[in-house]
Amino acid sequence: MRLLVVGKLNGQLSTAVKMAMAAGAKVSHVETIAAATHALRAGQGADLLMVDYELDIGALIAANEAERITVPVVACGVGADSQRAADAIRAGAKEFIPLPPDAELIAAVLAAVSDDNRPMVVHDDSMRAVIAVADQVAASDASILITGESGVGKEVIARYVHQKSRRSQRPYITVNCAAIPDNLLESELFGHEKGAFTGAVARRIGKFEEASGGTLLLDEISEMDVRLQAKLLRALQEREIDRVGGTKPVKIDIRVLATSNRDLAQAVKDGAFREDLLYRLNVVNLRLPPLRERPGDVLALAEHFARKYAAANGVENKTLSAEARRRLAGHRWPGNVRELENAMHRAVLLSPGPEIEEAAVRLPDGQPLSAPDAGSRAAQAASFAAETVSRAFVGQTVAAMEQQLIIDTLQHCLGNRTHAANLLGISIRTLRNKLRDYGDAGVAVPAPQGAAGAHAA
């Protein structure tokens, strides 16, 4: 993570900086709050500010917010003056680190504030196939579109691609396109010059320039206004941007990843998304299956979150009871991994003993998970069977993987096109078009078997 230290580097603060560097932080330093805001405005970038509590932390946070710069702050100070520490927290600091510093405390604060402890937990074959493709394309500079329902882990896979890329030691910058109003998003992405609009008191470097040499993630790209999409398309094509109010283009060197929980092809048809931008972003598509299609990941993720939140809440690790495991595996998880994580956080807090019982695993409304019935177990078994076709995909092209998956799934379904389309998560029209292309290329396509199959075809 990128740590900006604000204050005079006297003995104890200097020691804290060395400890932060030993914990893996990339550290830069300024002495005043004005210099801190100037550095952030100028595109230096930081994931965390460590600020001497003798400085006016409230003024620093206010100055940053006026520039729409949001960076968490931790305060630090010699002597652990409780009043100053409390004032810093009230001013907006997330944590307080007393000096002389403790290496373990600094490492813990860095990890907690950065929220970077999101390892890739993958056991299911369907996700292994996605990871195999991600590994194959990570080293390139190709744009990647990551799609899937909300909560499936699109940001996690984006960070994974960056960490596996040649740009892993360079900045990784995320912009949530859905969280920033349209009239501010252009300046956030491309920056602006002094006087470009009311309130533009100085030049502001945007996220494209801040990510120079590294990776820019455009989260929920489907929420971007069509007018701004045109400017983004030019940036991707020309590898240069225009700051708002600028007079000359600025060259950029970044790799762009994008995520969407919407069907962008349909958004193109609806006129809400540019087709040429979709082609530019979708050089490679990583579709993350919902958790209900990844049954092999449910318990592995549940155990991971149980350990994570036991440690976060200072309690002993808790194992899952047999019935809790059965109910976790049988639930459909419409909120995907995010819902499962929240459920396990609640379960850790609600479990009085060393084992997480089924009553502690509850839905957001407080109701416990219901026991899976025979129908849901049968559906889960069918899902398991469909996912096994992805095991031999490593080393193949994406097109070959897709063809093998479709043909094998169709064989599993005895040629029933409708059933196969449902298992694959695509429309029957899409399936039929692909089968027609395969047939034209000389690929043997399984024919429908029986009356039901003939009707479905």
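Trainee: What makes the reach of helix α10 close to the expected one?

Mentor: In this predicted model, α10 runs over residues 226-238 and has 13 residues. From its first C-alpha to its last it reaches 19 Å, against the 18 Å expected at 1.5 Å a residue.

Trainee: Which residues of α10 are buried, and what puts them on the same side?

Mentor: Leu228, Gln229, Leu232, Leu233, Ala235 and Leu236 are buried. They lie on the same side of α10 because they cover an arc of only 160° around the axis.

Trainee: What covers the buried residues of α10?

Mentor: The cover includes the helices α8 (182-190), α9 (207-210) and α12 (275-281), and the strands β8 (215-219), β9 (240-241) and β11 (255-260).

Trainee: What makes the approach of Asp225 to Arg227 at the start of α10 a polar contact?

Mentor: A side-chain oxygen of Asp225 comes to within 2.9 Å of the backbone nitrogen of Arg227. The cut-off for such a pair of N or O atoms is 3.5 Å, so this one counts as a polar contact. Just after α10, Arg239 takes a positive phi of about 60°.

Trainee: Which residues of helix α18 are buried, and how do you know that they are on the same side?

Mentor: In α18 (residues 417-424) they are Arg417, Ala420, Ala421 and Leu424. Their arc around the axis is only 100°, which puts them on the same side of α18. At the start of α18, a side-chain oxygen of Asn416 reaches to within 3.1 Å of the backbone nitrogen of Thr418. Gly425, just after α18, has a positive phi of about 75°.

Trainee: Why is the aromatic pair of Tyr53 and Phe96 called stacked?

Mentor: The ring centres of Tyr53 and Phe96 are 5.4 Å apart, with 20° between the planes. Rings pair if their centres lie within 6.5 Å, and planes under 30 degrees apart count as stacked, so this pair meets both conditions. Tyr53 is in the loop between β3 (48-52) and α3 (57-66), and Phe96 is in strand β5 (residues 95-99), 43 residues apart.

Trainee: Why does Tyr53 count as buried, and why does Phe96?

Mentor: Buried means under 20% relative accessible area. Tyr53 counts as buried because its relative accessibility is 8%. Phe96, at 19%, also counts as buried.

Trainee: What makes Phe190 and Phe208 a stacked pair?

Mentor: They are 5.2 Å apart centre to centre, with 5° between the planes. Phe190 lies in helix α8 and Phe208 in helix α9, so the pair ties together parts 18 residues apart in sequence. Both Phe190 and Phe208 are buried.

Note on methods: Residues are numbered from 1 along each chain as its sequence is written. This is a predicted model: local features need pLDDT of at least 70, side-chain atom pairs count only at pLDDT 80 or more; totals for chains, interfaces and linings use all residues. Side-chain values use heavy atoms; hydrogens and water are left out. Buried means under 20% relative accessible area, exposed over 50%, partly exposed in between (1.4 Å probe, protein chains only). Helices (H or I, at least four residues) and strands (E, at least two) are DSSP runs, numbered from the N terminus. The arc is that of the directions from the helix axis to the C-beta atoms. A polar contact is a pair of N or O atoms within 3.5 Å; within protein, one must be able to donate a hydrogen and the other to accept it, and residues adjacent in sequence count only if both atoms are side-chain atoms. The expected span of a helix is 1.5 Å times one less than its number of residues. Contact means heavy atoms within 4.5 Å. Rings of Phe, Tyr and Trp (its six-membered ring) pair if their centres lie within 6.5 Å; planes under 30 degrees apart count as stacked, over 60 as edge-to-face and the rest as tilted.
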